[in-house]
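The following exercises ask the student to read a protein model step by step. Each task is followed by a worked solution.

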Amino acid sequence: MNANIPLRQPSAATSPDVGGSNSALNVRDQFPAIAGWHYLDSAATAQKPQAVIDAIANAYSRDYATVHRGVYERSTSMTDSFEAARGAASALIGGQPNELIFTRGATEAINLVARSLPKNGRTRILLSALEHHSNIVPWQLAGYAVDAVPLTADGHIDLDAAEAMITEEHRVVAFAHVSNVLGSVLDAKRAADIAHAKGALLLLDGCQAVPRLPVDVAALGCDFYAYSAHKLYGPTGIGCLWGRAELLDALPPFLGGGAMIDRVTFEKTTYLDPPARFEAGTPHIVGAVGLHAAVDWVQKLSLDAIHAHECALVAECRAALSAIPGVTLFGPEDSAGIVSFNVDGVHAHDTATILDDGHVAVRAGHHCAQPLMDLLGVPATARASFAAHSDSSDIDALVKGVHQVKRIFG
Ligand SMILES: Cc1ncc(COP(=O)(O)O)c(C=O)c1O
C-alpha cells in the first residue's frame with residue numbers, strides 16, 4: 001500500500017475498468033517502486049509490476065540455465081520459456097514467432113535494419129521532424145541522406161507533406177508510431193500506403209505506442225516494427241524488431257558470433273534462418289522471460305483499457321495545466337499518454353527540480369529529440385507521461401508543483 005500518496009479513486013473521467021476486477025487503485029498497488037511518489041516518467045522507462053519482478057526473480061533462481069545449447073532438462077525448459085516469450089512478444093503486435101528478433105532495445109532494432117537492409121540503389125530515408133535520435137542517427141551512420149517531413153500545427157506528422165516529398169530514391173520511411181515528446185499518434189496505415197506507393201518500406205518506431213495502444217502490424221501494413229521491453233513494464237536490455245518474414249529472410253546478418261551460424265569454416269560461414277540469424281551470442285534470457293510476464297500483464301488489463309485510461313488522464317492533465325496562466329502545452333489534444341509543457345520564463349530543468357521536491361517525477365530536457373526542440377523553438381520541455389498505474393492524484397500533485405514553480409519564479 002502506497003501510504004504516502006494521497007490515493008483516492010480517480011474521477012469518473014479517469015477511472016476505466018482497467019482489468020475488470022482490477023480497479024485503477026489495485027493496479028497502482030501492484031507497483032512496489034511508486035509508493036510515496038508520483039511517477040510521471042513512464043515514457044522514459046516504465047515501473048515494473050510485481051508480476052514482472054517475480055518472473056525475473058524466478059528465472060534467475062529456480063529456473064535459470066542457458067538456452068538453445070544445453071541438452072539437460074533445465075536448459076530445454078528455459079529454451080521453451082525463451083521461445084514462448086518470443087511468440088508472446090510478436091503476438092502482442094499481431095506477428096508470428098519467426099518474425100520477431102530479440103535485440104537490446106528499440107535503438108538496436110532500428111540500427112539492425114539501417115545497417116542490414118540493402119539499399120538497392122535507393123540512398124534516401126524519409127523521417128519526420130519529431131523523431132527520437134534513435135530513429136535518426138542509425139540512418140545517418142548507415143549512409144542515408146535524410147529528408148524530414150514537417151508537422152501539422154497540432155503536432156502530428158504531416159502526411160500530406162510526406163506524400164509530396166517521397167520519391168523513388170527513398171528506401172525507407174521511418175516514423176514514430178507515437179511521439180515521445182508530443183504524444184501524437186501517427187496514421188500508420190496511411191503512412192504505409194504512402195511508402196508503398198513509391199516502393200519504399202515503412203519502419204515504425206513503436207517505443208511509445210506498444211505500452212499505450214493495441215498494435216496490429218498486419219492491419220497497419222508496416223514492414224518493420226521496433227519496441228523496447230522496459231517501456232512496456234518489462235526489463236531493460238531487451239527489445240524487439242518485428243519484420244515481415246520475407247524481408248527478414250532476405251537480410252544478411254547484423255552481428256556475427258555463436259548462435260547465429262549454420263556451419264563455420266575458415267573459408268566460409270553459413271547462417272541460420274531468421275530470427276536466429278540476427279541473435280549472435282548468448283541472449284538476454286531472463287529479459288525475455290520478464291518481457292513475457294510484462295506482455296501477459298498488459299494483456300490481462302487490455303491495451304484498449306490502458307489506452308482509454310491514459311487518454312482520460314491526458315485530457316484531465318491538459319485541462320488543469322492550461323488553466324494555469326503562463327503554462328504552454330505542446331502536442332495535440334488527443335495525445336496518447338504524454339503531456340509536454342513549459343512554464344513561461346522557467347527552464348524545464350528548474351520546473352522538474354521543484355516538482356521533485358513534491359515527489360513528482362517528470363522528465364525535463366530535449367527528450368532525445370533535438371530537431372523537434374529546434375522546431376518548437378525551445379531548448380527543453382518538461383514532460384509528464386502516464387501509465388496504467390497513474391491516477392488523478394498524480395495530476396493534482398503535478399498541478400500543485402507547477403503553482404509552486406510559479407511562486408518561486410515570481
Ligand atoms: C520514440 C522512441 N524511440 C526510441 C527510443 C529508444 O528506446 P531505447 O532507449 O529503449 O532503445 C525511445 C526511448 O526513449 C523512444 O521514446
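**Exercise 1. The chain as a whole**

What area does the protein chain expose, and what percentage of it do carbon and sulfur atoms supply?

Solution. This is a predicted model, in which local features need pLDDT of at least 70, side-chain atom pairs count only at pLDDT 80 or more, and totals for chains, interfaces and linings use all residues. Residues are numbered from 1 along each chain as its sequence is written, and side-chain values use heavy atoms, with hydrogens and water left out.

Step 1. The exposed area of the protein chain is about 16,000 Å², where accessible areas come from the Shrake-Rupley method with a 1.4 Å probe and, for residues, only the protein chains shown count as cover. Carbon and sulfur atoms supply 53% of this area.

Step 2. Count the secondary structure: the protein chain holds 14 helices and 15 strands. These are DSSP runs numbered from the N terminus, a helix (H or I) having at least four residues and a strand (E) at least two.

Step 3. Judge the compactness. The radius of gyration of the protein chain is 22 Å, close to the 22 Å that the globule rule gives for 410 residues, so the chain is as compact as a globular protein of that length. The radius is taken over C-alpha atoms, and the rule is 2.2 Å times the number of residues to the power 0.38.

Step 4. Turn to burial: 56% of the 410 residues count as buried. Buried means under 20% relative accessible area, exposed over 50%, and partly exposed in between (1.4 Å probe, protein chains only).

Step 5. Consider the contacts, meaning heavy atoms within 4.5 Å. Among contacts between residues at least 6 apart in sequence, 67% join residues at least 24 apart.

**Exercise 2. A covered helix**

Determine which residues of helix H4 are buried, and which elements they pack against.

Solution. Step 1. Helix H4 spans residues 106–116, and nine of its eleven residues are buried.

Step 2. The buried residues are Ala106, Glu108, Ala109, Ile110, Asn111, Leu112, Val113, Ala114 and Ser116.

Step 3. They pack against strand E2 (100–103), helix H5 (137–141), strand E6 (201–205), E7 and strand E8 (239–243).

Step 4. Now take Ser228, which belongs to strand E7 (residues 224–228). Ser228 is buried at a relative accessible area of 6%. Leaving aside neighbours within four places in sequence, Ser228 is in contact with Gly105, Ala106, Cys207, Ile238 and Gly239.

Step 5. Between E7 and E8 runs a loop that holds Gly234. Gly234 is buried, with a relative accessible area of 0%. Not counting residues up to four places away in sequence, Gly234 touches Lys48, Val52, Ala229 and Ala294.

**Exercise 3. Two further buried residues**

Describe the surroundings of Asn342 and Met78.

Solution. Step 1. Asn342 is placed in strand E12 (residues 338–343). Its relative accessible area is 10%, and Asn342 is therefore buried.

Step 2. The side chain of Asn342 reaches the backbone oxygen of Ala380 at 2.9 Å. Beyond its neighbours within four places in sequence, Asn342 has contacts that include Gly326, Phe330, Val378 and Ala380.

Step 3. Met78 is found in helix H3 (residues 73–91) and counts as buried at 3% relative accessibility. Beyond its neighbours within four places in sequence, the contacts of Met78 include Ala59, Tyr64, Ile285 and Val289.

**Exercise 4. Backbone geometry in loops**

What are the phi values of His68 and Cys368 near, and where is a cis peptide bond?

Solution. Step 1. His68 has phi near 70°, a positive value in a residue other than glycine. His68 sits in the loop between helix H2 (50–60) and H3, and is partly exposed, with a relative accessible area of 45%.

Step 2. For Cys368, phi is near 55°, again a positive value in a residue other than glycine. Cys368 is in the loop between strand E14 (363–365) and helix H13 (370–376), and is partly exposed at 24% relative accessible area.

Step 3. The peptide bond from Pro274 to Pro275 is cis, with omega near 5°. Pro275 lies in the loop joining strand E10 (269–271) and helix H10 (285–301).

Key:
Polar contact = N/O pair within 3.5 Å; in protein donor to acceptor, adjacent residues only side chain to side chain.
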